[in-house]
Amino acid sequence: MTNPAVDRAVALARAIPKAELHIHIEGSLEPELIFALAQRNGVTLPYASVEALRAAYAFTDLQSFLDIYYAGASVLLQAQDFHDMAWAYFLRAKADNVVHAEIFFDPQTHTARGVPMATVVQGLASACRQAEAELGVGSALILCFLRHLSEEDAFATLEEALPYREHFIGVGLDSSELGHPPEKFERVFARCRELGLHLVAHAGEEGPPEYMWQAIDLLKVQRIDHGVAALQDPLLMAELAHTRLPLTVCPLSNLKLCVVRDLREHPLKTMLDAGLCVTVNSDDPAYFGGYLNANLEQTVAALGLTEREVVVLARNSVEASFVSDSQRASLYAAVNRVVAAFELKD
Ligand code: ADE
Ligand code: ZN
């Protein structure tokens, strides 16, 4: 059944310029590229074919996904591999009218296998430069600490990364949430704050609202990644509405990792109605069935979001990004041009 209002909102969602703020670059590694890199690097995979690998993407929770995601990343060995992975993401982002991307990477996944930090950062940074020059897509890198490892490991990773400080703008916290609360990383985040790095953390994906409070109060993050658990805590909802601390929400991820049973039950619209600064993002698009526009299209259709709400989501993505004031002004102007072309009134 077609609904003209939903069709218009979907068309606008596709066309509108937006920032993507929650994308793990290792989660953009498509099965075809995993196999190509495995062959190039002489790595043996425990799957016979692209189809067999894709068939294994049936997740029951975050951990069942992470096990396969870390295995997929094992084909990345040379700077060119990191470059090729990021370049493939940028081509998809461009096709989705992403004009700016803040991209997570997980260095510990690679340094633990003997890949030097320089290889990881330089391969990613060269793809970022090429995306700006050839596609006009701006970007920045955010180094994520793996929370299932110790804070000591995180400190050592930070030290290893500091010679490449110019290539990343901030730090994040990802991997297995339950049992690894933000408080475990309070000291390393304090150090990163002293260094002038931007701070974000995954919280309230599978974990409780308490983890979101810890991310805010102890880690002093500037954005929370996911944060769908906020709905369980009215005080936290009120705080987020008041401060407009952004949440980078990932609807298809929540569906594939069984955080929600059906996209029609996704809390994104409730969060928008409550005045939260929520954004839509793809998280690990190669694993969860779609890039940014697929997330927007399916969420708009499932929740019946209006054109006006699509514009709010795009503007929120600009508000929540870590760009300079002048870049932010030009991103808002790009959004406004498309709003005008769709003859929407402000
Ligand atoms: N690493 C990659 N994707 C992740 C997610 N959705 N949650 C936590 N860690 C991740
Ligand atoms: Zn994530």
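In the predicted model, F65 is buried, with a relative accessible area of 2%. The ring of F65 pairs with that of Y287, the centres lying 5.4 Å apart and the planes at 70°, so the arrangement is edge-to-face. Because F65 lies in helix α4 and Y287 in helix α14, the contact ties together parts that are 222 residues apart in sequence. Y287 is itself buried, at 4% relative accessibility.

Y287 also takes part in a pair with Y57. The ring centres of Y57 and Y287 are 4.7 Å apart and the planes meet at 40°, so this pair is tilted. Y57 is located in the loop between α3 (50-55) and α4 (62-72), whereas Y287 belongs to helix α14, and the pair thereby links distant parts of the chain, 230 residues apart. Y57 has a relative accessible area of 13% and is buried. Both pairs involve members of one aromatic cluster, formed by Y57, F59, F65, Y69, Y70, Y287 and F288. The count of aromatic pairs comes to 11.

F65 is also among the residues that surround ligand 1, together with H24, L62, L66, Y69, D174, S175, H202, E205, H226, D283 and D284. Nitrogen atoms of the ligand lie close to polar side-chain atoms of three of these residues: the distance is 2.7 Å for E205, 3.4 Å for H24 and 3.5 Å for H226. Taken alone, ligand 1 exposes 260 Å², of which the protein buries 100%.

H24, H202 and D283, listed above around ligand 1, also serve as donor residues for the zinc ion (ligand 2). The zinc ion is coordinated by NE2 of H22, NE2 of H24, NE2 of H202 and OD of D283, at 2.0 to 2.2 Å. The angles among the 4 donor atoms run from 82 to 174°, and the site is irregular. Along the sequence the donor residues follow the spacing H-x1-H-x177-H-x80-D. H202 lies in strand β5 (residues 198-203) and D283 in the loop between β8 (278-280) and α14 (285-288), so these two donors tie together parts that are 81 residues apart in sequence. Both are buried: the relative accessible area is 4% for H202 and 2% for D283.

A further position, T270, is found in helix α13 (residues 268-273). At 42% relative accessibility, T270 counts as partly exposed. The C-alpha atoms of T270 and L303 are 9.9 Å apart in space, with the two positions 33 residues apart in sequence numbering.

Methods: Residues are numbered from 1 along each chain as its sequence is written. Chains are lettered from A and ligands numbered from 1 in the order in which they are written. This is a predicted model: local features need pLDDT of at least 70, side-chain atom pairs count only at pLDDT 80 or more; totals for chains, interfaces and linings use all residues. Side-chain values use heavy atoms; hydrogens and water are left out. Donors are N, O and S atoms within 2.8 Å of the metal (3.2 Å for Na, K and Ca); water is not among the atoms, so sites may look incomplete. Four donors count as tetrahedral if all angles lie between 85 and 135 degrees; four count as square planar and six as octahedral if opposite donors are over 155 degrees apart and all others between 65 and 115; anything else is irregular. Helices (H or I, at least four residues) and strands (E, at least two) are DSSP runs, numbered from the N terminus. Buried means under 20% relative accessible area, exposed over 50%, partly exposed in between (1.4 Å probe, protein chains only). A residue is near a molecule or strand if one of its heavy atoms lies within 4 Å of it. A polar contact is a pair of N or O atoms within 3.5 Å; within protein, one must be able to donate a hydrogen and the other to accept it, and residues adjacent in sequence count only if both atoms are side-chain atoms. Accessible areas come from the Shrake-Rupley method with a 1.4 Å probe; for residues, only the protein chains shown count as cover. Rings of Phe, Tyr and Trp (its six-membered ring) pair if their centres lie within 6.5 Å; planes under 30 degrees apart count as stacked, over 60 as edge-to-face and the rest as tilted.
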